[in-house]
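Hi,

Here is the structure I said I would pass on. Have a look, and my notes on the aromatic side chains follow below.

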Amino acid sequence: RFRPLSHASINIKYWLAWSNIVFIKQFVNPYEIRYNSIMEKDDKIQDQEILMSWEFPEYLKPERGKIWYVCFFSVVILLLIYSMITINFLFAIIVIISSIIVLMRFKHQPGVVDFAITKDGLMVEEKFYAFEQIQDFYIIYKPKEIKNLYFEFKSIVRPRIIIPLEDQNPLAVRDLLKQYLDENLEKEQEPASEAFRKLFKL
């Protein structure tokens, strides 16, 4: 049989709930922890002595005509048909998401990225990469074609960093980096992934 709760029991439950919330806020405040970690990171970045710095666009927008869009959507449809035939729905989701990213990226204007070389490492926007994490660097410099600076990490799970040189003197950048990193002289061509992206205007 249902028995209504008394005002005293309701007040006790509210008090217990309120005390638990106060206890959690007192000892665990994720926003405060995140704020402190961000401030410590910013202080570490600001303490770096910048030796060389420049800006570059976040990405280059290729010129795409009607033929490109026809070919693009044709490939997407073929891949979706293949995923349905093989009953690979995960592949279909990946194709759809990748297609949306490619199309949405073209609609937005690229932002400006700040890059700096310090005595302890590299700064790309708010991210800091210590020289100890980097395996080597190399420069591919072909005026009117490609002018990029590449950094390879010691960890194979980390993707390489690609920095457009813009109007920087490649010899000056090379001489500075050789004081802290090994140069990979075997690299004379841009990575295959970059050549693929340029070829298909992705």
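Arg158 sits over the face of Phe153, 5.1 Å from the ring centre. Keep in mind that this is a predicted model, so nothing here comes from an experiment.

On to the ring-ring contacts: there are 9 aromatic pairs in the structure. One of them joins Trp68 and Phe72, which are stacked, with 4.9 Å centre to centre and 10° between the planes. Both residues belong to helix α3, which covers residues 66-85. Trp68 and Phe72 are 4 residues apart there, or about one turn of the helix.

Are these two buried or exposed? Trp68 has a relative accessible area of 13%, so with the limit for buried at under 20% it is buried. Phe72 comes out at 12%, so Phe72 is buried as well.

Phe72 also pairs with Phe73, and this contact is edge-to-face: 5.5 Å centre to centre, with 80° between the planes. Phe73 has a relative accessibility of 41%, so it counts as partly exposed, the class between 20% and 50%.

Which residues make up the aromatic cluster around these pairs? Trp68, Phe72 and Phe73 are in it, together with Tyr69, and the four form one cluster.

If you open the model, I'd start with helix α3 and the stacked Trp68 and Phe72 pair, then go over to Arg158 and Phe153.

Cheers

Notes
Residues are numbered from 1 along each chain as its sequence is written. This is a predicted model: local features need pLDDT of at least 70, side-chain atom pairs count only at pLDDT 80 or more; totals for chains, interfaces and linings use all residues. Side-chain values use heavy atoms; hydrogens and water are left out. Rings of Phe, Tyr and Trp (its six-membered ring) pair if their centres lie within 6.5 Å; planes under 30 degrees apart count as stacked, over 60 as edge-to-face and the rest as tilted. Helices (H or I, at least four residues) and strands (E, at least two) are DSSP runs, numbered from the N terminus. Buried means under 20% relative accessible area, exposed over 50%, partly exposed in between (1.4 Å probe, protein chains only). A charge sits over a ring if NZ of Lys or CZ of Arg is within 6 Å of the ring centre and within 35 degrees of the ring normal.
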